[in-house]
Amino acid sequence: MNPTPILCLAGPTAAGKSASTLALAARWPIEIINVDSATIYREMNIGTAKPTPAEQAMVPQHLLDIRDPAESYSAAEFCTDATTLIDQTLARGRIPLLCGGTMMYYKALREGLNDLPQANPALRAELEAEAGQLGWPALHARLAEVDPVTAARLAPNDSQRIQRALEIWHLSGQPMSVLLQQQKSQNAGTAHHFITLSLEPSDRLALHRRIALRYQLMLEQGLMNEVERLYERGDLHPGLPSVRCVGYRQLWDYLDGKTDKAQAIEQAIAATRQLAKRQLTWLRAQPDRQVVDCLAPDAATQVLDAASGVWSTHYAGL
């Protein structure tokens with residue numbers, strides 16, 4: 001039996017993935033499995049470009065609003081949830097479409113996860129406290145002593161990844177870089193064949209302009225108020241993945257008095273551009289992806305044609 005083709009609609013932030021999914025929903029009986037580490041959070045709607053209630057009413061969407069901002073969500077949890085949702089969607093006689101820009105989730109689903117130690121809350125709290133006293137660059141220097149390969153690819157202030165790498169070294173006694181070279185666990189489902197359809201810009205500067213305009217629109221829609229409500233909860237802090245989301249962390253720093261408002265907005269737009277660059281770097285390393293110019297006037301039509309080519313035989317009766 002041939003594996004089921006599962007289409008992954010990927011692309012950098014502001015590439016127009018939402019418009020393309022709605023075009024697909026008008027043509028095919030799809031259900032969207034969101035591949036996004038930000039839209040999983042409740043109370044975070046504007047800054048994550050979460051589908052509106054009207055858009056959600058047009059097509060079933062999964063993995064939205066599944067966590068409180070005080071909670072975390074791992075790539076392993078995503079793999080389990082996404083695999084279950086794929087099978088359930090197929091069982092309903094509908095077509096699962098994975099859509100989003102969290103490339104780590106795509107990688108984990110397609111390639112499987114390495115057997116790394118589970119998170120240890122007590123150790124993480126200890127590392128967080130040390131970072132509070134010494135600063136993350138000092139912990140980055142410590143990581144360079146025990147795992148120079150991992151440290152070399154991390155920025156000195158990349159708190160989340162430095163913390164995880166040190167946690168793995170403490171728990172396993174081995175560098176994360178060594179463990180990542182070892183045999184991966186069999187988490188990627190062999191019954192499915194994942195095909196990447198990638199929305200990419202023919203003009204990087206044009207995407208940068210789109211990013212800036214979209215962030216300004218988010219501010220007009222009330223993003224600052226959204227961040228203020230999160231800030232005023234009192235139980236959230238910059239160490240959480242939710243607060244570290246691009247576009248949120250910078251406004252959080254403004255509310256903390258670390259920057260002025262204009263600086264925070266400029267930094268948020270710059271951070272979003274950097275995110276898009278990282279997303280594109282990952283995508284362009286995928287040799288089997290099908291590329292659609294996200295800046296083309298007929299981008300949604302091209303996505304429809306590409307999806308039809310993938311689905312026409314396997315889902316011909318739908």
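Here are a few worked exercises on the structure above.

This is a predicted model, where local features need pLDDT of at least 70, side-chain atom pairs count only at pLDDT 80 or more, and totals for chains, interfaces and linings use all residues. Residues are numbered from 1 along each chain as its sequence is written, and side-chain values use heavy atoms, with hydrogens and water left out.

**Exercise 1. Find the annotated binding site, then place T13 and K17.**

Step 1: Start with the record. The unreviewed UniProt entry carries a "binding site" annotation on T13, A14, A15, G16, K17 and S18. UniProt positions are in the numbering used here, feature names are shortened, and annotations may be inferred rather than shown by experiment.

Step 2: Put the two residues on the fold. T13 sits in the loop between strand 1 (4–10) and helix 1 (17–27), while K17 is in helix 1. (Helices, H or I with at least four residues, and strands, E with at least two, are DSSP runs numbered from the N terminus.)

Step 3: Buried or exposed? T13 counts as buried because its relative accessibility is 11%. K17 is buried too, at 13%. (Buried means under 20% relative accessible area, exposed over 50%, and partly exposed in between, with a 1.4 Å probe and protein chains only.)

Step 4: List the contacts, leaving aside neighbours within four places in sequence. T13 touches L207, I211, R214, T272, L275, A276 and Q279. For K17, the list is L9, A10, G11, P12, C99, G100, G101 and L199. (Contact means heavy atoms within 4.5 Å.)

**Exercise 2. Describe the largest cavity.**

Step 1: Get the idea first. Rolling a probe the size of a water molecule over the atoms shows where empty space is left. Here, a cavity is a set of points, on a 1 Å grid over the protein atoms alone, where a 1.4 Å probe fits but cannot get out; lining residues have an atom within 4 Å of a point.

Step 2: Count and size. The structure has one cavity of 30 Å³ or more, and the largest cavity holds about 30 Å³ of space. (Grid points are joined across faces, edges and corners, and a volume is the space filled by probe spheres set on the points.)

Step 3: Read the wall. The largest cavity is lined by M44, V227, L230, S242, V243, Y248 and W252. Sorted by class, that lining is six nonpolar, one polar and no charged residues. (Ala, Val, Leu, Ile, Met, Phe, Trp, Tyr, Cys and Pro count as nonpolar, Asp, Glu, Lys and Arg as charged, and the others, Gly among them, as polar.)

**Exercise 3. Work through some of the salt bridges.**

Step 1: Take the total, which is 16 salt bridges. (A salt bridge is a side-chain nitrogen of Lys or Arg within 4 Å of a carboxyl oxygen of Asp or Glu.)

Step 2: Look at R94 and E31, whose side chains meet at 3.1 Å, N to O. R94 is in the loop between helix 3 (75–91) and strand 4 (95–100) and E31 is in strand 2 (residues 30–34), so the pair ties together parts 63 residues apart in sequence. R94 is partly exposed at 25%, whereas E31 is buried at 4%.

Step 3: Now try E111 and K107, with 2.8 Å from N to O. Both lie in helix 4 (residues 103–111), four residues apart, about one turn of the helix.

Step 4: Finish with R142 and E130, bridged at 2.6 Å, N to O. R142 is in helix 6 (residues 136–146) and E130 in helix 5 (residues 121–134), 12 residues apart.

Key:
1 Å grid on protein atoms, 1.4 Å probe; cavity = no way out; pocket = protein on both sides within 12 Å on 5 of 7 lines; lining within 4 Å.
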